[in-house]
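Please open the structure in a viewer and keep the selection tool at hand. The tour below proceeds stop by stop, naming what to select and what is found there.

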Amino acid sequence: MKRWLLALALGAVAAAPLAAQQVEVRDCAGRMSPLGIVEPWEDYSRTYSNGKVRVALMDLLEPAGGPVYLMLLSPPYNEIGDRQCKTIGVDGIGFWNADFPTLDASYDPATGLRFTMAVELYDPQSGGGRAALLTATLNQATGAIDARLSR
């Protein structure tokens, strides 16, 4: 029964138009751990801003329609010196797939550190992925992350 409900939910998520799909930035919690970082780590993790920002690709294996997340460790720092940890996914799950080698970063003092990367969203009609471009902008002073998808 649970698998049927998950398949139904994934079908509804994937059937929605790209513009209607909600990119979500969440605190790292629960299942998010270094165990999910795709290996080899040196190929699926990068640092920016003199090592203050780390971006890593996470593959949690489940749910099958969206196991892949982008993880960001970045300022601001908390009272004991830890960076914030955030994950980026879509509609309550991750991405079908992400092409980490396409990750590109640029900096604009007015908006912050901007990342772009090719991703795929689960498409139940084909049983595969649908291409999209993820853009995420990080304001290191406030910790705010704005993320969106485009074709």
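Begin inside this predicted model. Select Val-55, Ile-88, Phe-95, Phe-115, Leu-134 and Leu-149: within the largest nonpolar core, which has 27 residues, these touch the most other members. Two or more residues of this core come from each of β3, β4, β5 (83–90), β6, β7, β8 (128–138) and β9. The greatest contribution is that of β7, with 5 residues.

Next, keep Leu-134 selected and display its surroundings. Among the residues that Leu-134 touches, leaving aside those up to four places away in sequence, are Val-23, Leu-70, Ile-88, Phe-95, Phe-115 and Leu-149. Thr-116 and Arg-148 are also among its contacts. Apart from the largest core lies another, of 8 residues; to find it, select Ala-56, Leu-60, Met-71 and Leu-73, which are among its members.

Now select the whole protein chain and switch to a cartoon view. The chain contains 1 helix and 9 strands, and the helix comes before the strands when the pattern is read along the sequence. Of its 151 residues, 42% count as buried. Of the contacts between residues at least 6 apart in sequence, 50% join residues at least 24 apart. With a surface display, the exposed area amounts to about 8,400 Å², of which carbon and sulfur atoms supply 54%.

The next stop is a sheet. Select β6, β7, β8 and β9, which form an open, antiparallel sheet of 4 strands in that order. Because β6 (97–108) and β9 (145–150) each have a single partner strand, they stand at the edges, and one side of each is left without a neighbour in the sheet. On average, neighbouring strands here are turned by 25° against each other, direction ignored. Then narrow the selection to β6 and β7 (residues 112–123): these run antiparallel and are joined by 8 bridges. Within this pair, Asp-104 stands opposite Thr-116 in β7.

Move on to β2 (residues 45–48) and β3, an antiparallel pair joined by 4 bridges. Ser-45 stands opposite Ala-56 in β3. The two strands form a hairpin with 4 residues between them, and Ser-49 in the turn has a positive phi of about 55°.

Following β3 (53–59), select the loop that leads to β4 (68–77), where Leu-61 lies. Is Leu-61 buried or exposed? Leu-61 has a relative accessible area of 63% and is therefore exposed. Add Gly-36 to the selection: the two residues are 25 apart in sequence, while their C-alpha atoms are 8.4 Å apart in space.

Finish with the charged side chains. Side chains of opposite charge can pair when their charged atoms come close. The count of salt bridges comes to 3.

- Select Asp-27 and Lys-86, whose side chains meet in a salt bridge at 2.4 Å, N to O. This pair links distant parts of the chain, with Asp-27 in strand β1 (residues 23–27) and Lys-86 in strand β5, 59 residues apart. Asp-27 is exposed, at 53% relative accessible area, whereas Lys-86 counts as buried, at 18%.
- Select Glu-24 and Arg-26, where the closest N and O atoms of the salt bridge are 3.2 Å apart. Glu-24 is partly exposed at 21%, and Arg-26 is partly exposed at 44%.
- Select Asp-146 and Arg-148, a salt bridge with its closest N and O atoms 3.7 Å apart. Asp-146 counts as partly exposed at 45%, as does Arg-148 at 42%.

Conventions
Residues are numbered from 1 along each chain as its sequence is written. This is a predicted model: local features need pLDDT of at least 70, side-chain atom pairs count only at pLDDT 80 or more; totals for chains, interfaces and linings use all residues. Side-chain values use heavy atoms; hydrogens and water are left out. Two strands pair if DSSP finds at least two bridges between them. Axes are lines fitted to C-alpha atoms, for helices over the stretch in contact, and angles run from 0 to 180 degrees between N-to-C directions. Buried means under 20% relative accessible area, exposed over 50%, partly exposed in between (1.4 Å probe, protein chains only). A nonpolar core is a set of buried Ala, Val, Leu, Ile, Met, Phe, Trp, Tyr and Cys residues joined through side-chain atoms within 4.5 Å. Contact means heavy atoms within 4.5 Å. Accessible areas come from the Shrake-Rupley method with a 1.4 Å probe; for residues, only the protein chains shown count as cover. A salt bridge is a side-chain nitrogen of Lys or Arg within 4 Å of a carboxyl oxygen of Asp or Glu.
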